[in-house]
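Got your viewer open? Let's take a walk through this model, one selection at a time.

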There are 2 protein chains.
Amino acid sequence: MPRTHKRKRFKKVVTRIPVSGQRMQMQDIANLAGVSTSTVSRALSHSSLVNDETRTRIAELARSHNYSINIGARNLRLQHSRTVAVVVPYDVRTRQHISDPFFVSMLGSLADALTEQGYDMLLSRVDAERLDLVAQLEASGRAIGVILIGQWHHHDQLNELANRKVPLVVWGARLPRQTYCTVGSDNITGGLLATQHLIETGRRRIAFFGDPELPEIGQRYEGYQRALKHHGIPLDARLVVAAEFSEGSSRRAVDALLEKKIVFDGVFASSDLLAMRAIGALREKGLIVPRDVGVVGYDDIELSQYFHPSLTTIRQPILKGGEALVNALLALVANKALSSEVLPTELVVRESSAPSPAPP
Amino acid sequence: MPRTHKRKRFKKVVTRIPVSGQRMQMQDIANLAGVSTSTVSRALSHSSLVNDETRTRIAELARSHNYSINIGARNLRLQHSRTVAVVVPYDVRTRQHISDPFFVSMLGSLADALTEQGYDMLLSRVDAERLDLVAQLEASGRAIGVILIGQWHHHDQLNELANRKVPLVVWGARLPRQTYCTVGSDNITGGLLATQHLIETGRRRIAFFGDPELPEIGQRYEGYQRALKHHGIPLDARLVVAAEFSEGSSRRAVDALLEKKIVFDGVFASSDLLAMRAIGALREKGLIVPRDVGVVGYDDIELSQYFHPSLTTIRQPILKGGEALVNALLALVANKALSSEVLPTELVVRESSAPSPAPP
DNA sequence: GTGAAAGCGCTAACAA
DNA sequence: TTGTTAGCGCTTTCAC
């Protein structure tokens, strides 16, 4: 016990000399300034309790010595942090998800929104089958909460996370009996606008490419159905092809339709990537877009305008989406009232859906 | 002083009861297990010092209560962390950079490589004009080092960071008098392969699209020059157009050439994005790729194969790149010997460079 | 306006 | 094999 005290005493005799190669810390700045660490701490956090002259002197000292407050220690003491985890679940087999340009733009938008609000962004890849692991991001204090991009078919797992009180916001569709918070775009209207546009440009046999089992896609499909119904066009189930995001699936979808000799003159693809691949597959079969088939995509990724033909599509509000996700998470963490949010979508007309010559 | 002691005594009487809403901590698990925190700590870190039965009991307790060790506290105590910062500098005006599909894929690759090695990834956007700020990421203990994607024209700033001993690895070109470490692909060979391929497919008047002032592009340009020289084709400076990555610049490049009536039958674009936009611009002017003009891009982004015509390009080894960047940074942090690395590039032949009919 | 000292949650040296 | 205790770098109460 006495020994212990002695050790402590030694320690407290403030003679830390910034050894070269050693990281600067507050005590070093304090020594340099001839004040205590308390004063340095106050000066650096712009406390009004500290003399102006002292403050500027300390600030200058800190800057010239490249000193930055140790965030970890600060967080520990303050019992909070300013880091948000962004999770892009990935399929162990494909690792495909992060590469969809839409998710990527969302990542950029989130990075901006978080930076804007003074938060750090921890980017995590998590196995889609082990989504329960995202709880650890918060439980371990790595992040104050989690923004998850890619709802996929993980509704139940997400509900469970929310039930476990993990601060979580998901980009995706609002679903019935959902205990987690979502931010997403108006997929039903999006699907409706896309289909309606194809109908209005003279298409009648409109195929739907996408897996309606996925919440967002399901809602786009809902919009597709509504548009058909509204125009008195019967739904032909054979025109609905559950193409996934993965490579080759658009090609197979097109092949399947053509092999079965199912006639179609329009395609509403549930993502731009899918649409582009479909156009390629159609071309291989000698079908020209938009002459033979009108195509509308979804997302309005950057390349859509440079594609040939340029792609008619539904624009999702990415910038607003990132902001909304961040705001929702911060509200959730602050225990504020909070409801899921649905952002507007918009039809962007380009070449791929140009009207076909009126049928004879 | 006595009061102080008393407070401490109170504190040490271990009666922390996991209040609902309070975060679980090690003491709680210790109480539950009827052991000390030391034992819990040891059990959770798989120390051999702890009884097997005790270990499994504690592990079970921790899991069932969703307890995760507080990483911040642990890092503080251990004096290290397992977080790496990945920085994508951005231009305040355009915010363009993160959206280039190549950088994005690199991000994915880095996320994988870091996850693989058990590191967290902190994604930071930093104003390209304030690159000195990246030093803070390390100085503040947020990250053990920085991986920077996008060398651009910041050679001097990067050198200065390295001189300040900031652990830093950059994706880019190896340059003369460089004190920071780079990992990049073999741009000279890439440029050479691309140009040579165009020559071998019958093109003679080959334009170069890209800003040779940027280190990587400069090296691709170097390869372009070498290929021309090797085939005895004179360099025509009017064919070199400093198109940037930004929107519209490819179109202007094409327009400029056509307006000045500068004849060309090939384009080597320094990125796939640039190539795609150039193809669009050419088409608008009635020029067909590859019939009238052969085009080769750079990067081999995912969409290149779906583009029409599918894009001949130079593939950069993204997966290897991510791994190499991570390995380099970890070596740097561990003070291991380290040199910049140049990865191989590869020509991928597709439609956009199909041989033109032999000139009459 | 400034300093002394305690403690955030954890690990490890030392004691038992 | 387990427990006690100090302290990682910081902020803040309390005392002056």
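Where is the place of B:Pro290 in chain B? Select B:Pro290 and you'll land in the loop between α12 and β9 (294-296) of chain B. Helices here are DSSP runs of H or I with at least four residues, strands are runs of E with at least two, and both are numbered from the N terminus. Now add B:Val289 to the selection: the peptide bond joining B:Val289 and B:Pro290 is cis, with omega at about 5 degrees.

Before moving on, some house rules. This is a predicted model, in which local features need pLDDT of at least 70 and side-chain atom pairs count only at pLDDT 80 or more, while totals for chains, interfaces and linings use all residues. Residues are numbered from 1 along each chain as its sequence is written, chains are lettered from A and ligands numbered from 1 in the order in which they are written, and side-chain values use heavy atoms, leaving out hydrogens and water.

**Stop 1: chain A, loops and confidence**

Jump to A:Pro290, in the loop between α12 (272-284) and β9 (294-296) of chain A. The peptide bond from A:Val289 to A:Pro290 is cis, with omega near 5 degrees. Next, pick A:Asp299, in the loop between β9 and β10 (313-315) of chain A. Check its phi: the value is near 125 degrees, which is positive in a residue other than glycine.

Try colouring chain A by pLDDT (the predictor's confidence in each residue, from 0 to 100). The chain A average is 89, and 91% of the residues score at least 70. Now select residues 1-13 of chain A: pLDDT is below 50 there, and the stretch has zero contacts beyond near neighbours in sequence. A contact means heavy atoms within 4.5 Å. Where pLDDT is low, don't read the predicted coordinates in detail.

**Stop 2: two domains of chain A**

Give each domain of chain A a colour: domain 1 (2-69), domain 2 (82-185 + 318-342) and domain 3 (187-317 + 347-353). These bounds come from an automatic or database domain assignment. Taken over C-alpha atoms, the centres of domain 2 and domain 3 of chain A are 28 Å apart. Where they touch, 17 residues of domain 2 of chain A and 15 residues of domain 3 of chain A take part.

Domain 2 and domain 3 of chain A bury about 1,400 Å² between them, with 58% of that from carbon and sulfur atoms. Buried area is the accessible area (1.4 Å probe) that two parts lose on being put together, summed over both. Show A:Phe102, A:Trp152 and A:Ser185 as sticks: on the domain 2 side, they lose the most area to domain 3 of chain A, together 36% of what that side buries.

Which element supplies the largest share of the domain 2 side? Select α13(A), which gives four residues.

**Stop 3: where the chains meet**

Show both chains: 40 residues of chain B are in contact with 40 residues of chain A. The two chains bury about 4,200 Å² between them, 54% of it on carbon and sulfur atoms.

How many salt bridges cross the interface of chain B and chain A? The rule finds eight, counting a side-chain nitrogen of Lys or Arg within 4 Å of a carboxyl oxygen of Asp or Glu. By contrast, the count between domain 2 and domain 3 of chain A is zero.

Zoom in on A:Asp120 and B:Arg142, which form a salt bridge with the closest N and O atoms 2.8 Å apart. The pair runs from strand β2 (residues 120-127) of chain A to the loop between α7 and β3 (146-149) of chain B. Then select A:Glu138 and B:Arg23, whose side chains meet in a salt bridge at 3.2 Å, N to O.

For a last view, zoom out: a search of the whole structure finds 34 salt bridges over all chains.
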